[in-house]
Amino acid sequence: MASDPVSQLQRSKILKVIFISLLLDLISFTFILPLFPRLLEFYRDLEVADGSSNSVLRRILLGLNAYKQSFSRPISDRYDIVLLGGALGSLFSLLQAIASPFIGSFSDKYGRRTALLWSMAGNIASVAMWVAATDFRTFLASRVVGGLSEGNVQLATAIAADISDKEQRGSTMALVGACFSIAFTFGPALGAALANVTTVAANPFATAAGFSLLLIVVETLYLYQYLPETLPSSRKRDPSDVFTTKTAASPESHSRTNSHRLLNATHFFFILFFSGMEFSFPFMTYDLFAFTSSQTGRLLGFMGLLAAILQGAVTRRLPPIRAIQVGVISCTASFFLLGRMTTEAGLWTAASLLAITTATVVTGLNTLSSFEAAETERGGKLGNHRSWGQVGRALGPLLFCTLYWWAGRDVAYAIGGAGMLGVSALVFGGLKAPRTH
């Protein structure tokens, strides 16, 4: 049977803790995103000045240049750093794909709170290494540690599922999604501003890294002080817990509407195409409209703000299956529009469609995945679900970038749109509304 439900008062308190902590975590995480070009240029120039001929960074750049030279269309040297940033992003996602199932299973066995605090310890170590990163090798190590330890999002999703009944699940998951949109709207701008303040000459980005570390430490202390254990089995074991109690009954088998295999496949293919499109944005806006980094940043900020509004006002009220359907239709339309548009009005229209996608699809898929997981396996199943998405995020930029430079924008986005039609077929033909009773 289902575990004892959470009282409305306790649920509100936990949601507040999750919202604040996840917002702190994601703002800290997004600090580095706009800094990648300048940060990687700094390490490249540093190694040139040191005369390093066989460094890790030099070997990576040589490999990327060999990859770049294989294209039928030349890629400007302007994109060397962009490609390097994409490679590091793919590495981070791949490490997340490896770690997520283990983090989820650990939380099923030892508790969400315990798993989250261990994850935070890894995050603190990762950001502390960034603060001290006066060479590329240390910076790379910080990304590796961060990729293997970052479990906040999937654990927040599991906690949200733990404390919500099936009628509340969609709106609760939308709250997690709104944290993403808010953080990605304001975090990069704050990171860019802090990067202009130099406090350590050997690491010009130490101020941004230090503030990021401060946020992570505050988040950890906040979680330690205010987050209770939400693992359903712990509520059954402890009758004095603050959760409301009911008479226990014999356990029942969990009935599934959608298989996890189908949900994971849908997540993988959606993220594969969507992340490739995301990575192509700086290339495409520069090639078509000669956008500067700040202009592209404003466009992405608009998308994040619109997505946050939609998650708070619309997604939380939609059944998860309907949210996914709306999102994949919007994404498919945006792909075909991006392949054909020639005006900035068309670009902003496509960006609006992508904001709808950002506000709906992943939130809906996470909700469905939580419905199909029994309480005793929820962390592991959500971890596997996230893992497949991260594999897609690791491969998508590489594959789409290759297609973009081999065949051109029209063909790349047409193939992306065809891929999203396939995802739409999975969504409309395979996924079903979950049983709520």
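Which residue forms a salt bridge with Glu-278? The partner is Arg-393, and the closest N and O atoms of the two are 3.1 Å apart. This pair links distant parts of the chain, with Arg-393 in helix 15 and Glu-278 in helix 11, 115 residues apart. Arg-393 counts as partly exposed because its relative accessibility is 27%. Glu-278 also counts as partly exposed, at 37% relative accessibility. The model described here is predicted.

The structure holds 6 salt bridges, and some of them share partners. Asp-108, Arg-112, Asp-162 and Arg-378 are joined in this way into one network. One bridge of the network brings the side chains of Arg-112 and Asp-162 together, with a distance of 2.8 Å from N to O. Arg-112 belongs to helix 5 and Asp-162 to helix 7 (residues 152-162), so this pair, 50 residues apart, links distant parts of the chain. Asp-162 also meets Arg-378, and here the closest N and O atoms are 2.7 Å apart. Arg-378 is in helix 15 (residues 378-407), and 216 residues separate it from Asp-162 in helix 7.

Are the residues Arg-112 and Asp-162 buried or exposed? Both are buried. For Asp-162 the relative accessibility is 5%, and buried means under 20%, so Asp-162 counts as buried. Arg-378 counts as buried for a like reason, since its relative accessibility is 5%.

Arg-112 leads on to helix 5, which covers residues 112-131. At 1.5 Å a residue, the 20 residues of helix 5 should span 28 Å, and the end C-alpha atoms are 28 Å apart, which agrees. The buried residues of helix 5 include Arg-112, Ala-115, Leu-116, Ser-119, Asn-123 and Trp-130. An α-helix has 3.6 residues a turn, so residues three or four places apart point the same way.

Trp-130 also appears in the largest nonpolar core, which has 58 residues. Trp-130 is among the residues with the most contacts inside this core, and others are Leu-39, Leu-40, Tyr-43, Phe-136, Phe-139 and Leu-227. Helix 1 (residues 8-30) gives the largest share of the core, 9 residues. Leaving aside residues up to four places away in sequence, Phe-139 touches Ile-32, Phe-36, Leu-39, Leu-40, Tyr-43, Leu-88, Trp-130 and Ala-133. A second core of 43 residues is separate, and among its members are Phe-274, Met-277, Leu-365 and Ala-412. In soluble globular proteins, nonpolar side chains tend to be buried together.

Some nonpolar residues lie at the surface instead. Leu-94, Ile-98, Phe-102 and Leu-148 make a nonpolar surface patch of about 410 Å². Helix 4 (residues 80-110) supplies the largest share of the patch, 3 residues. Leu-148 is found in helix 6 (residues 136-149). With a relative accessible area of 42%, Leu-148 is partly exposed.

The last stop is a loop. Ala-290 is placed between helix 11 (260-289) and helix 12 (293-313). What is notable about the phi of Ala-290? The phi is positive, about 55°, although Ala-290 is not a glycine. Most residues other than glycine have a negative phi. Ala-290 is exposed because its relative accessible area is 52%, and exposed means over 50%.

Note on methods: Residues numbered from 1 in each chain as written. Predicted model: local features only at pLDDT ≥ 70, side-chain atom pairs only at ≥ 80, totals over all residues. Heavy atoms only, no water. Core = buried A, V, L, I, M, F, W, Y, C linked by side-chain atoms within 4.5 Å. Buried < 20%, exposed > 50% of the residue type's maximum accessible area, 1.4 Å probe, protein only. Helix = DSSP H or I, 4+ residues; strand = E, 2+ residues; numbered from the N terminus. Contact = heavy atoms within 4.5 Å. Patch = residues over 30% accessible without salt bridge, like charges linked within 9 Å, V, L, I, M, F, W, Y side chains within 5 Å. Areas by Shrake-Rupley, 256 points an atom, 1.4 Å probe, with all protein chains shown as cover. Salt bridge = Lys/Arg side-chain N within 4 Å of Asp/Glu carboxyl O. Expected span 1.5 Å × (residues − 1).
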